[in-house]
Amino acid sequence: MQRQPRIQIPLNEWDTKNEYLNLYSPYEAADYCEVAVGTLNRWRKTGFIDPIGIIEAGRGYLYTERALLGALQATNYDRRNLNIEVRG
């Protein structure tokens with residue numbers, strides 16, 4: 001199955017810092033987190049991923065980068081030696 005491109009939505013139309021809300025399809029989100037799509041679905045169903053960071057799109061879901069980082073931080077994720085910072 002071909003992955004959908006990552007979606008970027010400008011936070012506001014006058015933003016000069018080029019800040020975007022990054023959205024990931026389930027396959028991209030699973031790849032980003034280095035987990036299986038089934039694990040990502042389990043995280044969504046159990047509320048491990050912040051529901052505010054999940055957007056229903058048709059019959060599927062899109063995940064915000066912030067929600068994924070929050071879930072990774074909660075699992076003490078360090079496989080990629082990332083300095084994970086979730087901004088308020």
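Me: Which residue follows α1, and what is the sign of its phi?
Reply: The residue that comes after α1 is Glu34, and its phi is positive, near 55 degrees. This is a predicted model, and α1 itself covers residues 26-33.

Me: What is the order of the elements of the protein from the N terminus on?
Reply: They run β-β-α-α-β-β-α from the N terminus, which agrees with the three helices and four strands in the protein.

Me: Why is Cys33 called buried or exposed?
Reply: A residue counts as buried when its relative accessible area is under 20%, and the value for Cys33 is 0%, so Cys33 is buried. Cys33 has its place in helix α1, where the buried residues are Glu28, Ala29, Ala30, Tyr32 and Cys33. In space, Cys33 lies 7.1 Å from Leu72, C-alpha to C-alpha, although 39 residues separate the two in sequence.

Me: How do you know whether Leu23 counts as buried or exposed?
Reply: The relative accessibility of Leu23 is 3%, and because the limit for a buried residue is under 20%, Leu23 counts as buried. Leu23 belongs to strand β2, which spans residues 20-24, and its C-alpha is 9.2 Å from that of Gly53, a residue 30 places away in sequence. For the protein as a whole, 31% of the 88 residues count as buried.

Me: What makes α1 and α2 roughly parallel, roughly perpendicular or roughly antiparallel to each other?
Reply: Helix α2, made of residues 37-46, packs against α1 at an angle of about 100 degrees, with the two axes 9 Å apart. Since angles of 65 to 115 degrees count as roughly perpendicular, the pair is therefore described as roughly perpendicular.

Me: Which residues of α1 and α2 meet?
Reply: On the side of α1 they are Pro26, Tyr27, Ala29, Ala30 and Cys33, and on the side of α2 they are Val37, Leu40 and Trp43. Sorted by class, this contact has eight nonpolar residues, with no polar and no charged ones.

Me: How many aromatic pairs does the count come to?
Reply: The count comes to two aromatic pairs. In one of them, the rings of Tyr24 and Tyr32 have centres 5.2 Å apart, which is within the 6.5 Å needed for a pair, and planes at 35 degrees, which is neither under 30 nor over 60, so the pair is tilted. Tyr24 is buried, with a relative accessible area of 6%, and Tyr32 is buried as well, at 17%.

Me: Why is the pair of Trp43 and Phe48 called stacked, tilted or edge-to-face?
Reply: The ring centres of Trp43 and Phe48 are 5.3 Å apart and the planes stand at 50 degrees; because stacked would need an angle under 30 and edge-to-face one over 60, the pair is tilted. Trp43 counts as buried at 11% relative accessibility, whereas Phe48, at 33%, is partly exposed because this value falls between the limits of 20% and 50%.

Me: What makes Arg44 count as lying over the face of Tyr61?
Reply: Arg44 is 3.9 Å from the ring centre of Tyr61, and the distance part of the rule asks for CZ of Arg within 6 Å of that centre. The rule also asks for a place within 35 degrees of the ring normal, and Arg44 is listed as lying over the face of this ring.

Notes: Residues are numbered from 1 along each chain as its sequence is written. This is a predicted model: local features need pLDDT of at least 70, side-chain atom pairs count only at pLDDT 80 or more; totals for chains, interfaces and linings use all residues. Side-chain values use heavy atoms; hydrogens and water are left out. Helices (H or I, at least four residues) and strands (E, at least two) are DSSP runs, numbered from the N terminus. Buried means under 20% relative accessible area, exposed over 50%, partly exposed in between (1.4 Å probe, protein chains only). Axes are lines fitted to C-alpha atoms, for helices over the stretch in contact, and angles run from 0 to 180 degrees between N-to-C directions. Angles under 35 degrees count as roughly parallel, over 145 as roughly antiparallel, 65 to 115 as roughly perpendicular and the rest as oblique. Contact means heavy atoms within 4.5 Å. Ala, Val, Leu, Ile, Met, Phe, Trp, Tyr, Cys and Pro count as nonpolar, Asp, Glu, Lys and Arg as charged, and the others, Gly among them, as polar. Rings of Phe, Tyr and Trp (its six-membered ring) pair if their centres lie within 6.5 Å; planes under 30 degrees apart count as stacked, over 60 as edge-to-face and the rest as tilted.
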